[in-house]
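Q: Can you walk me through this one? I have the sequence and the coordinates open.

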Amino acid sequence: MDYSDTTIVIPTNDEPAVAGIARKIAGSLPSCRIIVVYLGKKPAIRAPNVTILRQRGRGYGSAIRQGFAAAKTPVVGMLDADGTYDPKDLRKVVQLVRDGADLAVGSRLSSINSKSMPFRIWLGNALLTLAYAVLYFRNIGDSQSGLRAMSGRMLRSVKFVEDGMSLPTEMNGKAARRGFRIAVAPISYYPRIGEPRFSNKLTYGFKLLSKTIEFRFSG
Ligand SMILES: Nc1nc2c(ncn2[C@@H]2O[C@H](COP(=O)(O)OP(=O)(O)OP(=O)(O)O)[C@@H](O)[C@H]2O)c(=O)[nH]1
Ligand SMILES: [Mg+2]
């Protein structure tokens, strides 16, 4: 299968696994384009069709938005650089967009594996996804998943502004409110490679819940 219709954006804040992940993406999605947006030290990556951009702003959301702005293909995907996602799973969400979805989300929540996602984090993610379902009457599978694909049509017509970890929440909200098609595919989730960067996930959970509510009524 040829993936020249697809660009994958990878945000990385000095992740040791990023080069290996870019190579695996190139192997799993032949002919796709890859855009790496980095903070910290410039990563050395040897893979075909890779563009490496130094991040201009700060934060996960700002890195992904910078990558989106540079992507010109009809399908645009995203994946973290810490080894928690399987690059092969990108094929599932890309296929959903090719089949007509505007936002395809890889869901990590259908199985529970305490090694990759402790139960309290699973529960927090499940509750945020439930809150989304109640507020938007839509199933998004796993509202905080970092493995997703979008149609270029949606990306070019919606303005995203979030700089931090709330960008996926903004995507979920704006996609639903503007009537775009949302689809979900089950995916795997693995323990992260490299040290975690931030730990206060409870505070973050409440912030993400308030953003889920905010985007339901504004933006
Ligand atoms: N360029 C860039 N990348 C970032 C930034 N913040 C996070 N990232 C990357 O975004 C991806 C997701 O960040 P993580 O730190 O793994 O966030 P998380 O998955 O919620 O946290 P963990 O459970 O600790 O893995 C990783 O590839 C990070 O390196 C940032 O400010 N700039
Ligand atoms: Mg991570």
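**Helix packing and the sheet**

A: Helix 2 and helix 6 are oblique to each other, since angles under 35 degrees count as roughly parallel, over 145 as roughly antiparallel, 65 to 115 as roughly perpendicular and the rest as oblique. Helices (H or I, at least four residues) and strands (E, at least two) are DSSP runs, numbered from the N terminus.

Q: What kind of model is this, and how are things numbered?

A: This is a predicted model, where local features need pLDDT of at least 70 and side-chain atom pairs count only at pLDDT 80 or more, while totals for chains, interfaces and linings use all residues. Residues are numbered from 1 along each chain as its sequence is written, chains are lettered from A and ligands numbered from 1 in the order in which they are written, and side-chain values use heavy atoms, with hydrogens and water left out.

Q: Back to the pair. At what angle do helix 2 and helix 6 pack?

A: Helix 2 (residues 60–70) and helix 6 pack at about 60°, and their axes are 9 Å apart. Axes are lines fitted to C-alpha atoms, for helices over the stretch in contact, and angles run from 0 to 180 degrees between N-to-C directions.

Q: Which residues meet there?

A: From helix 2, Tyr60, Gly61, Ile64, Arg65 and Phe68 meet Leu167, Pro168 and Met171 of helix 6. Contact means heavy atoms within 4.5 Å. By class, the contact has six nonpolar, one polar and one charged residues. Ala, Val, Leu, Ile, Met, Phe, Trp, Tyr, Cys and Pro count as nonpolar, Asp, Glu, Lys and Arg as charged, and the others, Gly among them, as polar.

Q: How many residues of helix 6 are buried?

A: Ten of the eleven, so helix 6 is largely enclosed by the rest of the structure. Buried means under 20% relative accessible area, exposed over 50%, partly exposed in between (1.4 Å probe, protein chains only). Just after helix 6, Gly179 has a positive phi of about 80°.

Q: OK, the sheet. What's the strand order?

A: Seven strands form an open sheet in the order 3-2-1-4-6-5-7, with mixed pairing. Strand 3 (50–54) and strand 7 (182–186) are at the edges with a single partner strand each, so one side of each has no neighbour in the sheet. Two strands pair if DSSP finds at least two bridges between them.

Q: Are strand 5 and strand 6 parallel or antiparallel?

A: Strand 5 and strand 6 pair in the antiparallel sense, over three bridges. Val105 stands opposite Arg148 in strand 6. Helix 6 (residues 167–177) packs on the sheet, touching strand 4, strand 5, strand 6 and strand 7, and its direction makes about 40° with that of strand 6.

Q: And helix 3, which residues are buried?

A: Leu90, Val93, Val94 and Val97 are the buried residues of helix 3 (residues 90–98). They cover an arc of only 100° around the axis, which puts them on the same side of helix 3. That arc is taken from the directions from the helix axis to the C-beta atoms.

Q: What do they pack against?

A: Strand 1 (6–13), helix 1 (18–28), strand 4 (75–78), strand 5 (103–107) and strand 6 (148–151).

Q: Which non-glycine residues have odd phi values?

A: Among them are Asp14, at a positive phi of about 60°, and Asn49, at about 55°. Asp14 lies in the loop between strand 1 and helix 1, and Asn49 in the loop between strand 2 and strand 3.
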